[in-house]
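Here is a small set of exercises to work through with the structure open beside you. Try each task before reading its solution.

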Amino acid sequence: PVFMSSMVQCPMVSVAFDKYDQILILTANSGTLLPQKDVLLNHCGFDVDDDRFIIRGCQDVPGFEAVAKGEKVDVEYVTPGMVKM
């Protein structure tokens, strides 16, 4: 199978763990993901408002602005900020 978006895997991942386990979703920009919650529910089959899903945007991580610019992310540079999250 091919999954063009990792978001379509959320329903499968959620049943693989205990119903009380939480699942972290990292996104380039939480401000642009959260308004899409109806689309995610209808097309990917999960509710972003479910307490199991913790959504964290990386938009404030130094160096991660490269994603918004369509540039390559300097992994060494962004790693400390990702760990700090």
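**Exercise 1. The faces of a strand**

Along strand β1 (residues 23–27), which side chains point to one face and which to the other?

*Solution.* Please keep in mind that this is a predicted model. Start with Ile23, Ile25 and Thr27: their side chains point to one face of β1 and are buried. Next take Leu24 and Leu26, which point to the other face and are not buried. The side chains of β1 thus alternate along the strand. Now look at Leu24 by itself: its relative accessible area is 52%, and because exposed means over 50%, Leu24 counts as exposed.

**Exercise 2. The partner strand**

Find the strand that pairs with β1, give the sense of the pairing, and sort the residues of the partner by face.

*Solution.* Step one: the partner is β2 (residues 53–57), and the two strands run in the parallel sense over five bridges. Step two: look across the pair, where Ile25 stands opposite Ile55 and Leu26 stands opposite Arg56. Step three: sort β2 by face. Phe53, Ile55 and Gly57 make up the covered face, while Ile54 and Arg56 make up the uncovered one.

**Exercise 3. A residue in between**

Is Ile54 buried, partly exposed or exposed, and which residues does Ile54 touch beyond four places away in sequence?

*Solution.* Begin with the location: Ile54 is in strand β2. Its relative accessible area is 23%; because buried means under 20% and exposed over 50%, Ile54 is classed as partly exposed. Then list the contacts, leaving out residues up to four places away in sequence: Gln22, Ile23, Leu24 and Ile25. To finish, check a distance: the C-alpha atoms of Ile54 and Met85 are 13 Å apart, with their positions 31 residues apart along the chain.

**Exercise 4. Two residues of one helix**

Compare Ser14 and Ala16: where does each lie, and which is buried and which exposed?

*Solution.* First, place them: Ser14 lies in helix α1 (residues 10–16), and Ala16 is in helix α1 as well. Second, read the accessibility. Ser14 has a relative accessible area of 13%, so it is buried, whereas Ala16, at 59%, is exposed. Third, look at the surroundings of Ser14: not counting residues up to four places away in sequence, Ser14 touches Ile23, Arg52 and Phe53. Of these, Ile23 is on the buried face of β1, and Phe53 is on the covered face of β2. Last, look along the chain from Ala16: Lys84 is 68 residues away in sequence, and the two C-alpha atoms are 27 Å apart.

**Exercise 5. Two loop residues**

Locate Val61 and Asp51, and decide for each whether it is buried or exposed.

*Solution.* Take Val61 to begin with. Its place is the loop between β2 and α4 (65–69), and with 5% relative accessibility Val61 counts as buried. Its contacts, again leaving out residues up to four places away in sequence, are Val78, Gly81, Met82 and Met85. The C-alpha atoms of Val61 and Met82 are separated by 6.6 Å, although the residues are 21 apart along the chain.

Now turn to Asp51, found in the loop between α3 and β2. At 67% relative accessible area, Asp51 is exposed. Asp51 and Asp21 are 30 residues apart in sequence, with 9.6 Å between their C-alpha atoms.

**Exercise 6. A surface patch**

Which residues make the nonpolar surface patch of about 300 Å²?

*Solution.* The patch is made by Leu24, Leu26 and Met85. Link this to the earlier results: Leu24 and Leu26 are the β1 side chains that point away from the buried face, and Met85 is one of the residues touched by Val61.

**Exercise 7. The whole chain**

Describe the order of the elements, then say which element has the lowest mean pLDDT and which the highest.

*Solution.* Count first: there are five helices and two strands, in the order α-β-α-α-β-α-α. Of the 85 residues, 28% count as buried. Among contacts between residues at least 6 apart in sequence, 61% join residues at least 24 apart.

For confidence, the chain has a mean pLDDT of 86, and 95% of its residues reach 70 or more. Helix α3 (residues 37–44) has the lowest mean among the elements, 79, and helix α5 (residues 75–84) the highest, 94.

Notes: Residues numbered from 1 in each chain as written. Predicted model: local features only at pLDDT ≥ 70, side-chain atom pairs only at ≥ 80, totals over all residues. Heavy atoms only, no water. Helix = DSSP H or I, 4+ residues; strand = E, 2+ residues; numbered from the N terminus. Buried < 20%, exposed > 50% of the residue type's maximum accessible area, 1.4 Å probe, protein only. Contact = heavy atoms within 4.5 Å. Pairing = 2+ DSSP bridges. pLDDT = per-residue confidence, 0-100. Patch = residues over 30% accessible without salt bridge, like charges linked within 9 Å, V, L, I, M, F, W, Y side chains within 5 Å. Areas by Shrake-Rupley, 256 points an atom, 1.4 Å probe, with all protein chains shown as cover. Salt bridge = Lys/Arg side-chain N within 4 Å of Asp/Glu carboxyl O.
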